[in-house]
Each structure stands twice: as structure tokens, then as C-alpha cells.
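Visitor: Please take me right up to one single spot in this model and tell me what is going on there. After that, walk me outward from it, at a pace a beginner can follow.

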Amino acid sequence: MSAHTLENRQEAALRVAELADISPGTPISRDLALQLIRCSDADLPALLSAARTAKENFKPGVITYSRKVFLPLTNLCRDYCGYCIFRRDPSQPGAHTMTPDEVLAVARAGEKLGCTEALFSLGDKPELLFPEMRDTLRHLGYKSTLHYLEAMCALVLHETSLLPHPNPGLLSPEWIERLAAVSPSMGLMLESTSSTLLGPGAAHDNAPDKIPARRLRTIQEAGKQNVPFTTGILIGIGETPEDRVDGLLAIRDLHQSYGHIQEVIVQNFRVKPGIPMARVPEPGGGEMLRAVAVARLLMPDVNIQAPPNLNAPYYEELVDAGINDWGGVSPLTPDFINPEKPWPHVDQLRSRTESKGSQLRQRLPVYPEFISNVVSRPGLLAEKLRAACDREGLAAEKRVA
Ligand code: SF4
């Protein structure tokens with residue numbers, strides 16, 4: 001055995017010993033996270049075992065999902081992220097802004113299939129770049145995309161039993177407050193804290209809304225307003241393993257300050273034909289598992305999610321890495337962000353979850369631990385949320401048509 005190999009093995013043994021020492025509810029340090037996210041294949045089982053133990057300490061025996069409809073309110077966007085297949089310019093085939101009738105038709109169809117979440121995904125401020133979007137909004141009777149989004153959240157809230165969860169990009173304090181009046185939670189992926197991604201030819205080269213400090217500011221403001229918030233990191237868009245740890249730490253810091261992060265998504269880049277990053281290799285499964293497990297150990301008391309459709313068929317491995325949620329799964333609408341990756345059928349998700357010794361439960365777009373905060377406010381949103389949840393704060397049983 002070479003001296004080098006011996007040294008590597010000793011280092012590995014050291015890390016495994018450190019993992020055995022951590023208490024399941026105690027967050028690990030940045031130093032340990034940096035070691036673990038680069039751990040060898042030999043160390044991976046110990047890392048996964050520590051992450052799974054932490055998950056079971058946090059939410060034993062249950063993995064949740066949100067049954068949702070996906071509402072791509074507009075796919076026009078002023079940003080040009082290198083990995084995005086969702087966005088369109090107005091002149092491109094498939095460019096579309098949903099009408100109120102379309103929004104309501106999808107929401108009602110989802111309601112019949114037992115959905116409880118209306119996930120609004122849309123491009124960021126397209127009217128700032130495209131006169132066509134300004135015309136569309138004028139025709140619809142709204143000043144901006146956010147005014148239209150607010151009205152569509154209110155429409156779904158009034159007309160159906162679904163609860164809106166908007167994902168509109170950067171938000172000012174005023175807009176967080178306005179959207180929080182018509183939705184129990186909202187989301188913005190941090191994606192990464194790496195400014196390297198803004199450089200020429202990088203993933204966020206032409207994406208002014210992806211400046212990390214601006215995204216952190218939106219997440220912080222949501223915290224100041226006590227809004228249950230979903231965020232997360234992207235894996236494989238040009239960031240380093242250290243960047244992944246630092247992105248997770250930035251989220252952890254905000255959660256420690258405000259206690260509002262209801263969910264952290266660890267999402268892997270998938271190649272699609274036609275995107276600027278079509279030739280960039282996808283992150284390996286091992287990279288994804290390390291990132292998920294490190295997220296769990298950095299934030300042992302936060303819900304950690306990884307999308308099943310982007311990791312098929314390796315569902316079980318994500319459970320091993322410490323997730324406690326599969327995210328939104330739709331029985332009706334495709335994943336418009338990753339249209340080539342169909343969502344699993346809920347029955348399939350259930351059997352995979354049960355094969356790992358956990359029960360699959362349907363949650364609402366707001367997690368149980370944040371519900372009391374929303375239902376304490378007066379108004380329709382609180383009423384609808386109260387009606388939608390069971391005693392544990394998960395989705396109440398509904399008769400599916
Ligand atoms: S990822 Fe979002 S912000 Fe970036 S181009 Fe696509 S829709 Fe726009």
C-alpha cells in the first residue's frame with residue numbers, strides 16, 4: 001500500500017468517526033460539510049447513514065409530497081438562464097400567457113383529482129423587456145405581471161379549494177406582503193451564491209435576476225415578514241462543491257435569523273436539447289446524494305426535498321440521503337420546467353416510499369409546522385387553509401373524482 005493510499009484511508013476513517021460523533025439534531029460545521037461533500041465512495045455509506053438517522057430524528061417514518069397543478073402563468077421572461085427550457089421570447093413558438101379562464105380550468109380539473117396546491121411558475125418581469133407582454137397585461141387589465149399573478153392567486157383561492165404557491169422571482173417587500181395575503185407560502189430558489197455563474201458564458205451570464213445578493217434579499221425580506229418560504233440550490237450549473245455548501249449555509253443563516261424556511265430543495269441540472277447548456281455534463285448521482293445528505297446534516301430540522309422526476313429511477317437513494325419530501329407531484333399537468341421528465345404516478349411514489357420503511361403522506365403547499373402562523377390571520381386564506389388541513393397539518397382526506 002502506498003503512503004498516499006494509507007493517508008487517504010486514515011482521513012476517511014477520521015471523517016467516519018466524526019460522523020458517528022454528531023448528534024442527530026445538531027447542525028454540522030462548514031469544515032465538516034466541506035469534507036463530506038467531497039467524500040470518497042468508500043465514505044459515502046457512512047455519510048448517507050448519518051443523514052438518514054438525522055431525517056428519522058426529525059420526521060420519523062414519513063415522507064411527504066404535495067399533490068399539485070402546475071400553472072405556468074407566463075413563460076415570457078427577461079432572463080436567459082443557460083439551463084432553462086421553460087422561457088420564451090414573445091416571437092418564439094410556444095410563448096404563452098395563460099388567461100384567467102385557463103387558470104381556472106386547470107385549477108378546477110386539479111381539484112377533481114385531489115390536488116391541494118396551485119403552483120404558479122412564471123418568468124421574471126417580462127414586461128420590462130417585451131412590449132408584447134405590456135400589451136397582454138394592458139389587455140387583461142393589469143399594470144404588471146405581479147399584479148396579474150396576485151389576481152390569479154386570489155381567483156384560485158376564491159373559486160377552488162386549492163391553495164396558491166407563487167414562484168415569481170425577485171420580490172420587493174411590498175410584493176411579498178401582497179402575495180402573502182393570497183397564498184400561504186411562496187418560493188424562490190436561491191440556486192447558488194457563486195458570482196462565477198454570472199460571468200461570460202456561464203449559466204447566469206444574461207440573467208439579471210440571478211444575482212445572489214438580490215435573491216438573498218428577497219428570502220430575507222420574506223423572513224422579516226414571517227412568510228413560510230421554499231428555497232434551495234441547483235446542482236451542476238457550474239458551481240463547485242464548496243459553492244453548494246456555501247449556498248446551503250446562506251439559507252441556514254437566514255433560517256436561523258427568521259425561522260421561516262419551510263423547505264430546502266436540492267435540484268439537479270438535467271440536460272435538454274436546445275438549451276445553451278446542452279453540452280454541459282449532468283451532475284453524477286453520487287454528487288446529488290452527497291449534496292442532499294450534507295443539506296440534511298447542515299439543517300437537521302428543516303424539510304429537505306429532491307424532485308423524484310429528475311432522479312428517476314434512483315428514488316430510494318434519495319431517501320437514504322435524508323430527504324423527507326418529494327416536492328410537488330401532479331396527476332394532471334406536466335413539469336413545464338423539465339417537460340422531458342414525467343412525474344411519477346403517486347401509487348409508484350407510495351410503493352417506493354414504503355419499500356424504504358416510510359409512509360407517504362400528502363401535505364399542503366405550506367408545511368404543518370408553519371400552518372398556525374397563517375391560520376392566525378383573519379380572512380379567506382386562513383379559512384381555506386383550515387378547511388384543507390387535518391389535525392396533523394397535512395392534507396385532509398378528500399374524495400377524488
Ligand atoms: S430559470 Fe426562471 S429566470 Fe431563468 S430564464 Fe428560466 S424562467 Fe427565466
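Guide: Glu191 counts as buried, because 24 C-beta neighbours sit inside 10 Å of its own. The word has cut-offs: buried takes 20 or more other C-beta atoms within 10 Å, exposed takes 12 or fewer, partly exposed is in between, and the C-beta atoms are placed from the backbone. Before we go on, you should know that this is a predicted model, where local features need pLDDT of at least 70, side-chain atom pairs count only at pLDDT 80 or more, and totals for chains, interfaces and linings use all residues. The numbering starts from 1 along each chain, as its sequence is written.

Back to our spot. Glu191 belongs to the loop between strand 4 (186-187) and helix 8 (212-224). Those labels are DSSP runs numbered from the N terminus: H or I with at least four residues for helices, E with at least two for strands. Now look at the backbone: phi of Glu191 is positive, about 75°, although the residue is not a glycine. Most residues other than glycine have a negative phi.

Lys125 shows a positive phi too, near 45°, and again the residue is not glycine. You'll find Lys125 in the loop between strand 2 (117-122) and helix 5 (131-140). Lys125 counts as buried as well, because 21 C-beta neighbours lie inside 10 Å.

Next, go to the other side of strand 4. Ser183 is in the loop between helix 7 (173-180) and strand 4, and it is buried because 28 other C-beta atoms lie within 10 Å. Skip the neighbours within four places in sequence, and Ser183 touches Cys153, Leu163, Pro164, His165 and Pro166. Being in contact here says that two C-beta atoms, placed from the backbone, lie within 7 Å. Ile323, by comparison, is 140 residues along the chain from Ser183, with 25 Å between the C-alpha atoms.

Follow those contacts and you reach strand 3 (residues 163-167), where four of the five residues are buried. Strand 3 runs parallel to strand 2, and five bridges join the two; for strands to pair, DSSP must find at least two bridges between them. At one place in this pairing, Ala118 stands opposite Pro164.

Ala118 also leads us to strand 1 (residues 62-74), the home of Val69. Beyond four places in sequence, Val69 has contacts that include Ala118, Val106, Cys115 and Leu332. With 26 C-beta neighbours inside 10 Å, Val69 is therefore buried. Val329 is 260 residues away along the chain, yet its C-alpha atom is 8.1 Å from that of Val69.

Another parallel pair is made by strand 5 (residues 229-235) and strand 6, with seven bridges between them. Thr231 faces Val264 of strand 6 there. What about the cover over strand 6 (residues 261-268)? Eight of its eight residues are buried.

Strand 6 also holds part of a bigger story. Val266, Val292, Val294 and Ala295 have the most contacts inside the largest nonpolar core, which has 100 residues. Helix 10 (residues 285-298) gives the largest share of this core, nine residues. Such a core is a set of buried Ala, Val, Leu, Ile, Met, Phe, Trp, Tyr and Cys residues joined through C-beta atoms within 7 Å. In soluble globular proteins, nonpolar side chains tend to be buried together. Leaving out sequence neighbours within four places, Val266 is in contact with residues including Ile233, Val292 and Ala295.

Finally, zoom out. The protein chain has 14 helices and nine strands. Its radius of gyration is 21 Å, close to the 21 Å of the globule rule for 401 residues, so the chain is as compact as a globular protein of that length. That radius is taken over C-alpha atoms, and the rule is 2.2 Å times the number of residues to the power 0.38. The C-alpha trace spans about 75 × 50 × 40 Å along its principal axes. Our starting residue has plenty of company, as buried residues make up 48% of the 401.
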